Amino acid sequence: MHGFDTFAFQPPDSGQSERKGGGGPSVAISGSGTHLTLRSVSKGFGGRTVLKPLDLAIEAGSFVSIVGRSGGGKSTMLRLISGLTAPDTGAILHNGEALAGIAPRTTMMFQDARLLPWQRVLSNVGIARGPGWEQRSLEALRAVGLDDRAREWPAVLSGGQKQRVALARALVARPHLLLLDEPLGALDALTRGEMQRLIERLWLGQGFTAILVTHDVAEAVALSDRVLLLQDGTIALDLTIDLPRPRRRTASEVIGLESKILDLLLT
Amino acid sequence: MSGMGAAASIEARPRRRSVFQARRIVPWLLPAATLIIWQIGAETGWITMRTLPPPLSILTAAISLSKTGELERQVLISCQRAALGFLIGGGLGFGLGLLNGLSRPAELTLDTSLQMLRNVPHLAIIPMVILWFGIGESAKLFLVALGVFFPIYLNTFHGVRMVEKSLIEMGRIYHLGSWAMFWRVILPGAMPSILIGVRYGLGITWLTLIVAETISSSSGIGYMTMNAREFLETDVVLLGVLIYALLGKLADMATRWLEHRLLAWHHNFQSGAEA
Ligand SMILES: Nc1ncnc2c1ncn2[C@@H]1O[C@H](COP(=O)(O)OP(=O)(O)O)[C@@H](O)[C@H]1O
Ligand SMILES: [Mg+2]
């Protein structure tokens, strides 16, 4: 299958972290992120419009968050991008190629970990198999700090550990696009913070494009190059976050942007 | 506080071991007592030989029958019928259950008809089966297969349908082909339900075989007991009953072993959920 070099470990304060939001792919890691284009994509269910025709371009290697009310079509949008659902109109292009079926080199994390209870942790991470999958899966588990649990059943892990296994599974095949549908929604605050830092670190190290759906506006501002607000089936706000990483949740700029989005969300 | 707890647990250990031993012995006290009273009752003439032969004479009957090889022959024939009938009926039920579980068009075509047939008790058609097949092997195989078919069909179908959609969706994201999806997601997900079907099916196998061999047969355990009845050999009749019980128990143990092997994750899943 795809060539696999060792998992990049990038501490948040390493050189890579100088990469800032909004600028798109940095030179060092260009080519490993999907450039995404949506052309007048719309979707409805049973005559009810969920997404009005929308156009959107997402830079390769950028981190984009989507926030909005529950039922606003955020999950639908991710499912369209992943190819799990087909749009009613329009086209979705991954690196300029129109999507047909499940998107290539794209993985997805959901609010539930969706691990196979009948496979050990290692086999869950290596679900797609392929040459050398055991070695690669073990490395992916090491990157999320769970290589010592490789031989366990998923059932014995905590919620946060399950999501870390799901993250390892999502990253083992070196995706160019990682879709995250509220993956931290069910975790406690402490575990959430750890996971956010882990996701940011792996994104910085690997250079894939990340699209995160979250109901936590602070999380969106802390992690993203760009925040989209999805409201009434359209993108009501498209905000570039141009702050240096790592970002402190308590920094005044972060809080300022957060309240700006919240104001729009609540009106 | 914790020191006291440790002391208490050290004290409790030997007592727990003796409780453990008692747990193994106590359940066998009543059966053992029954056997002894039964034997004594028969020897004092309190229970007549015709009503209930004593345990020791059943043992003697078993020994004398197996000296001629007769016992082994009849048991083997019955076991072969059970195994073959189970495999045919179970195989068909499993196959059709998978087919209808996986394919909507197949379900639409077949399921309603199968559900209608299900309502016919399979033992009720024994006269028909004898008319069709005579009293040869095929009649008994047909009955066993028919009896086993439905529990396995229904549980396989149900199992496949109950596999979580979210896991199938996850498999699609990771580009699993149909074969990998079947082996890694659908079949293991359906397995708890399939094994329930297997267990039911095994129970029905022995029940059907007892009836079929007793009503019409020229070999097998059922034939052996009916033959003995004509000669008033109550001990042989009782021996047949005991062998059926034993074989049923063995089949049940085999299923348990299978469940233990195939559903190791499941036990863990449940204990994990409780914790
Ligand atoms: N498969 C589906 N069938 C019918 N309606 C759906 C389906 N998927 C989503 N919807 C509807 O589309 C709307 C948007 O859902 P969703 O994308 O899940 O919102 P969000 O993720 O923003 O909470 C909801 O009203 C939901 O009921
Ligand atoms: Mg959603």
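1. Helices in this note are DSSP runs (H or I) of at least four residues and strands are runs (E) of at least two, both numbered from the N terminus. With that naming, α5 (126-133) and α6 (137-162) of chain B are the elements to look at for the second largest cavity, since each supplies at least two residues of its lining. The model under discussion is a predicted one, and the points below should be read with this in mind.

2. The structure holds three cavities of 30 Å³ or more, and the second largest cavity encloses about 50 Å³ of space. Its lining is made up of B:Ile126, B:Val129, B:Ile130, B:Ala139, B:Lys140, B:Leu143, B:Ala212 and B:Ser216. When these lining residues are sorted by class, six are nonpolar, one is polar and one is charged.

3. The second largest pocket, by comparison of kind and not of size, is an open space, and its volume is about 290 Å³. It is lined by 13 residues, among which B:Ile58, B:Leu239, B:Leu242, B:Ile243 and B:Leu246 are the closest to the centre of the pocket. Three elements of chain B, namely α1 (2-43), α2 (55-67) and α10 (234-262), give two or more residues to the lining of this pocket. Of the contributions to that lining, the largest share belongs to α10(B), with six residues. The character of the pocket lining can also be put in numbers, with 12 nonpolar residues, no polar residue and one charged residue.

4. The two chains are divided into domains as follows. In chain A, domain 1 is assembled from two stretches (27-105 + 177-266), while domain 2 covers 118-173. In chain B, domain 1 takes in 3-43 and domain 2 takes in 55-269. The C-alpha centres of domain 1 and domain 2 of chain A are 25 Å apart, and for domain 1 and domain 2 of chain B the separation of the C-alpha centres is 36 Å.

5. Which residues supply 40% of the area that domain 1 of chain A buries against domain 2 of chain A? To set the scene, 12 residues of domain 1 of chain A are in contact with 10 residues of domain 2 of chain A, and the two domains of chain A bury about 850 Å² between them, of which 72% is on carbon and sulfur atoms. The residues in question are A:Leu178, A:Met195 and A:Leu202, and this trio supplies more of that area than any other three residues. As for charged pairs, the rule finds zero salt bridges across the interface of domain 1 and domain 2 of chain A.

6. The contact of the two chains involves 18 residues from chain B and 27 residues from chain A. Between them, chain B and chain A bury about 2100 Å², with 68% of it on carbon and sulfur atoms. On the side of chain B, the residues B:Ile173, B:Tyr174 and B:Arg184 supply 33% of the area buried against chain A, which is more than any other three residues do. Two salt bridges are found by the rule across the interface of chain B and chain A.

7. Over all chains, a search of the whole structure finds 19 salt bridges. One pair to inspect is A:Arg79 and B:Glu169, whose side chains meet in a salt bridge with an N to O distance of 2.9 Å. Because A:Arg79 lies in helix α1 (residues 74-82) of chain A and B:Glu169 lies in helix α7 (residues 165-173) of chain B, this pair joins two chains.

8. Two backbone features in chain A deserve a separate look. Most residues other than glycine have a negative phi, and most peptide bonds are trans. A:Ser40, although it is not a glycine, has a positive phi of about 35 degrees, and its place is in strand β1 (residues 36-45) of chain A. The peptide bond from A:Arg245 to A:Pro246, for its part, is cis, with omega near -5 degrees. A:Pro246 is found in the loop between β10 (234-240) and α7 (252-266) of chain A.

Methods
Residues are numbered from 1 along each chain as its sequence is written. Chains are lettered from A and ligands numbered from 1 in the order in which they are written. This is a predicted model: local features need pLDDT of at least 70, side-chain atom pairs count only at pLDDT 80 or more; totals for chains, interfaces and linings use all residues. Side-chain values use heavy atoms; hydrogens and water are left out. On a 1 Å grid over the protein atoms alone, a cavity is a set of points where a 1.4 Å probe fits but cannot get out, and a pocket is an open set with protein on both sides within 12 Å along at least five of seven lines; lining residues have an atom within 4 Å of a point. Grid points are joined across faces, edges and corners, and a volume is the space filled by probe spheres set on the points. Ala, Val, Leu, Ile, Met, Phe, Trp, Tyr, Cys and Pro count as nonpolar, Asp, Glu, Lys and Arg as charged, and the others, Gly among them, as polar. Domain bounds come from an automatic or database domain assignment. Contact means heavy atoms within 4.5 Å. Buried area is the accessible area (1.4 Å probe) that two parts lose on being put together, summed over both. A salt bridge is a side-chain nitrogen of Lys or Arg within 4 Å of a carboxyl oxygen of Asp or Glu.
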